[in-house]
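Biologist: I am new to this structure. Please take one part and go through it closely, then show me how it sits in the whole.

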Amino acid sequence: MRSTIDNDKAIGFKILVVSQHYKPEPFNVSEVCEGLARLGHDVTVLTALPNYPEGNVPEEFRGGKHRDEIVDGVRVVRVPIVSRGADLNGLNKLKRVANYFSFPIASWLTHAAMDRRYDCVICMQYSPVLMALPALRIARKQGVPCLLWSFDLWPEDMLTGGLSRDGLPYRIMRRVSRSIYRRADMVAVTSPGFTTYFDERLNLHDLKTVWLPQLAEETFERVADTAEANVRKTVFTFAGNIGGNQGVETIVRAASLLVHEPIHVRIVGSGSRLDACRALAVELKATNVEFSGRMSIEAMPKVYSESDAMLLTLSRPADGGSLVPVYTIPRKFQSYLAAGKPILCAVDGTIGKIIADSNCGIACPAEDPVALADAMRRFSRMGPEGRTDLARNARMLYSERFSRQKFFARLTAIIKDLLQSKGN
């Protein structure tokens, strides 16, 4: 190990980051990698050709282009992949399975990114968990530690696609997932609830875990507040994926109870439940709901600045259904805090307790539109001082626990601990 291991400054590790997703896909893997590079680390990324969320590889990445290049100070190595397809119907369900397996197989067949020696390997593990296999293999081959940073819980995430706990695919992936998590030298979790899941649901009682919250995009730290210019209506905004776990229908139902009040709800994003939410708004005559669709990250600060408060909802697990909403902290939570915006949430689990304890918003139970409507009404009638206090507390919570400075200091400390424990 280098003699500078105990210095507080950047050490200049050679780091391999493995993730099936990288920009231009909408994940913040690139922001973390570029941040590490700016700190003086030599960062290589092993990833796949982009195909999310559209389902197809863009033309500019076909024909062997952009397979090994330097992007914003980071070496990015891309391997071929079976594109995921546009939806889960019919043949595309098979394509999704092929997509899941193609990244680890292509990484193994091409020996991609194996032309360098690394100090450690970090897998930024979204879905599927199989993307961790190349990270574990390379780390073992080079005799270096592997940090698995879990953003999506497996096999729990499989249940959101309609699979059953009793089905063979789930039972197979439960065994595979347990093996993958157990083989990592350390598992970083984006929510403390993940550790509970590993212990109680996967029986991984001795798993070494550490809490490493997701990193908010830097652009949200500079959001200006222009919401007070809108004196006629209180604007609430939901921003992010509109899928089965997000429970956005609760927002639509709550808004329908407030159509005669000076309240406007904006839903920004796309996902599998977008059409259903639009249809529900029409059915309930929720004319105070605006669907803006998916917007670029560059456009989002303006959306935030025009909002009085942000909305965060998660679904309530059905019997035998996915428990992800109970354990997770979505990345939008950190983005909301970074922007210094009060948060109204309808959730069961970790986030509601954080918001209540920090007094940075109003929390109510998941899938309870009446309670959420009441929270929105209370906030809309709140005076400027009350709103300012909530906003100040949100920014304070971000600065104390979720800021970029705190994040990279924590990640660097985790890497140091891993290297010391491995004896490298």
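Biologist: Which residues does Val 79 touch, leaving out those up to four places away in sequence? Is Val 79 buried or exposed?

Modeller: Keep in mind that this is a predicted model. Start with the element. Val 79 belongs to strand 4, which covers residues 74-79. Its relative accessible area is 1%. Buried means under 20%, so Val 79 is buried.

Now the surroundings. Not counting residues up to four places away in sequence, Val 79 touches Leu 46, Thr 47, Ala 48 and Leu 49. It also touches Phe 103, Ala 106, Ser 107, Thr 110 and Ala 112. Take Ala 106 from that list. Val 79 and Ala 106 are 27 residues apart in sequence. In space, their C-alpha atoms are 6.2 Å apart.

That pair leads to the whole chain. Count the contacts between residues at least 6 apart in sequence: 76% of them join residues at least 24 apart. Burial can be put in the same setting. Of the 424 residues in the protein chain, 56% are buried.

Two other places are worth a look. Thr 328 lies in the loop between helix 9 (324-327) and helix 10 (331-338). Its relative accessibility is 12%, so Thr 328 counts as buried. Beyond its neighbours within four places in sequence, Thr 328 is in contact with Ser 191, Phe 194, Leu 314 and Ile 351. Follow Ile 351 to helix 11, which spans residues 350-358. The buried residues of this helix are Thr 350, Ile 351, Gly 352, Ile 354, Ile 355 and Ser 358. Just after helix 11 comes Asn 359, with a positive phi of about 50 degrees.

Step back to the overall form. The protein chain has 14 helices and 14 strands. Along the principal axes, its C-alpha atoms fill a box of roughly 65 × 50 × 45 Å. The radius of gyration is 22 Å, which agrees with the value near 22 Å for a compact globule of 424 residues.

Next, the surface and the charges. The protein chain exposes about 18200 Å², and carbon and sulfur atoms supply 51% of that. There are 55 positive and 46 negative side chains. The centres of these two sets lie 4 Å apart.

Last, confidence. The average pLDDT is 89, and 92% of the residues score at least 70. Residues 1-10 have a pLDDT below 50. Beyond near neighbours in sequence, that stretch has 17 contacts in the model. Where pLDDT is low, predicted coordinates should not be read in detail.

Methods
Residues are numbered from 1 along each chain as its sequence is written. This is a predicted model: local features need pLDDT of at least 70, side-chain atom pairs count only at pLDDT 80 or more; totals for chains, interfaces and linings use all residues. Side-chain values use heavy atoms; hydrogens and water are left out. Helices (H or I, at least four residues) and strands (E, at least two) are DSSP runs, numbered from the N terminus. The radius of gyration is taken over C-alpha atoms; the globule rule is 2.2 Å times the number of residues to the power 0.38. Buried means under 20% relative accessible area, exposed over 50%, partly exposed in between (1.4 Å probe, protein chains only). Contact means heavy atoms within 4.5 Å. Accessible areas come from the Shrake-Rupley method with a 1.4 Å probe; for residues, only the protein chains shown count as cover. Lys and Arg count as positive and Asp and Glu as negative; His and the chain ends are not counted. The place of a charge is taken as NZ of Lys, CZ of Arg, CG of Asp or CD of Glu. pLDDT is the predictor's confidence in each residue, from 0 to 100.
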